[in-house]
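Could you walk me through this structure, stopping at the residues and contacts worth a look? A friendly tour in plain paragraphs would suit me well.

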Amino acid sequence: MRIGFLGVGRIGASHAAVVAGHPDVESVVLADADPGRARAAAERLGVTAADAIDDVLETGVDALVIATPTDSHAELIVRGAEAGLPVFCEKPVALDVAGTRHVRDAVCATGMPVQIGFQRRFDAGYVAAREALASGRLGELRRLHAITADPTPPHASYIPTSGGIYKDCLIHDFDVIRWLTGREITEVTALGANRGAAFFGEAGDVDETVVLITLDDGTLGTLHGSRYNGAGCDVRLEVAGTEGTVAVGLDDHAALRSAESGVDFPAGEPYPTFWERFAPAYAAEISAFVEVVRDGRPSPCPVEEALEALYVAEAATRSRVEGRKVEVAEVRK
Ligand SMILES: NC(=O)c1ccc[n+]([C@@H]2O[C@H](COP(=O)([O-])OP(=O)(O)OC[C@H]3O[C@@H](n4cnc5c(N)ncnc54)[C@H](O)[C@@H]3O)[C@@H](O)[C@H]2O)c1
């Protein structure tokens, strides 16, 4: 297999390192809007650099990995699929519902598998929690409590084009909750606060949020999101049923300390950023894509799934801005 990469910044270079080391991959070719960056990454990994995106498409690759900035994803996904290539693209597909639907329809017409980068579906803890719920060990699902908290905010220039905290960040929670429970989120109420840098408010965004969700079986859930979590990167999910509760992310690296005397768990260093927290999941998701290409398997996270998560993120955005509960069906119309 020959795999082409478009965009080898932070996450593209990390995916390329995994793919270059995959035993079933013969060659890797990297392109970036900054050709020097592509050449440097290629030299580091012992692979080839192309001067331009078109060169990658014309060199006869078997599949495409897209890790460019968000506003270029839609066009590049469609180009890749229409060229007859299986595509992996980082999340999100697009920041608006219309743009994401356009990509879904265009991809569907090609029949090519497209995998969107929701890496939590490949994280061992979320996988185990999904199995615990599906096996019946937890009984009937009753409550969900999720936290996604970064220790420090992204750069100021990132926020105005990020889509806001729900489409950029909590979209991972919305996706994984749908995937883990097998249920749809039907209602959303979101509150936000600006407690940190002024650039969040100036971009119409918030840096702290709480989201209340209702699933289609009546299960209630709470999600907390923060751009300023001094204790470290904290990404957890509690799944509580009538027979038991499991907690994803409650390991020795959990970014919290017990207030009880004599309790020294968790004792390890918290993950400094989401990179360390999800390193094995990022490697597993891109390896899964190689297997999609190799075996002609269906995508484990197709565009229509990303669209469902975007509907919830859009509902949360409307709820927070308009100060009301929003039914996800309103966004789907
Ligand atoms: N799944 C996750 O947890 C996760 C984490 C980080 C980033 N992301 C997503 O990955 C994408 C990239 O993020 P990043 O942090 O790696 O950004 P980055 O800025 O580090 O890298 C982007 C790279 O793309 C290049 N580029 C820009 N336009 C291009 C084009 N049209 N063609 C080819 N190359 C182009 C840039 O020169 C840069 O090297 C974003 O959409 C982001 O939302 C997802």
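Ala94 sits in the loop that runs between β5 and α5. In this predicted model, is Ala94 buried or exposed? Its relative accessibility is 9%, and buried means under 20%, so Ala94 counts as buried. If you pick out Val47 as well, you will find that Ala94 and Val47 are 47 residues apart in sequence, while their C-alpha atoms are 30 Å apart in space.

Stay in that loop for a moment. Pro92 also belongs to the stretch between β5 (87–90) and α5 (97–110), and the peptide bond leading from Lys91 into Pro92 is cis, with omega near -15°. Most peptide bonds are trans. A second cis bond turns up elsewhere in the chain: Phe265 and Pro266 are joined by a cis peptide bond whose omega is about -5°. Pro266 lies in the loop between β12 and α9.

That loop between β12 (245–248) and α9 also holds Glu260. Is Glu260 buried or exposed? With a relative accessible area of 56%, where exposed means over 50%, Glu260 is therefore classed as exposed. To get a feeling for distance, try Glu260 together with Ser157: the two are 103 residues apart along the chain, and 41 Å separates their C-alpha atoms.

Now turn to two aspartates. Asp123 is part of the loop between β6 (114–117) and α6 (124–135). Its relative accessible area is 9%, under the 20% limit, so Asp123 is buried. What does the side chain of Asp123 reach? It comes to 3.0 Å from the backbone nitrogen of Gly125. The other aspartate, Asp173, lies in helix α7, which spans residues 164–181. Asp173 has a relative accessible area of 2%, so it too falls under the 20% limit and is buried. Its partner is Arg120: a polar contact of 3.0 Å joins the side chains of Asp173 and Arg120.

The ligand is the next stop. Which residues come nearest to the ligand? Out of the 20 residues around it, they are Arg10, Asp32, Arg37, Thr70 and Tyr282. You can look at some of the polar approaches one by one. Arg10 places a polar side-chain atom 2.7 Å from an oxygen atom of the ligand. His73 has an N or O atom in its side chain at 3.2 Å from a ligand oxygen atom. With Gln119, the ligand atom is a nitrogen, and an N or O atom of the Gln119 side chain is 3.2 Å from it. How much of the ligand does the protein cover? On its own the ligand has 850 Å² of accessible area, and the protein covers 82% of that.

Where does the ligand sit? The space it takes is the largest pocket. Two elements give two or more residues to the shell around the ligand, namely α1 (10–20) and α9 (274–295). As for the character of this shell, its residues divide into 7 nonpolar, 8 polar and 5 charged.

Technical notes. Residues numbered from 1 in each chain as written. Predicted model: local features only at pLDDT ≥ 70, side-chain atom pairs only at ≥ 80, totals over all residues. Heavy atoms only, no water. Near = heavy atom within 4 Å. Polar contact = N/O pair within 3.5 Å; in protein donor to acceptor, adjacent residues only side chain to side chain. Areas by Shrake-Rupley, 256 points an atom, 1.4 Å probe, with all protein chains shown as cover. 1 Å grid on protein atoms, 1.4 Å probe; cavity = no way out; pocket = protein on both sides within 12 Å on 5 of 7 lines; lining within 4 Å. Sits in = over half its atoms within 2 Å of the grid points. Helix = DSSP H or I, 4+ residues; strand = E, 2+ residues; numbered from the N terminus. Nonpolar A, V, L, I, M, F, W, Y, C, P; charged D, E, K, R; others polar. Buried < 20%, exposed > 50% of the residue type's maximum accessible area, 1.4 Å probe, protein only.
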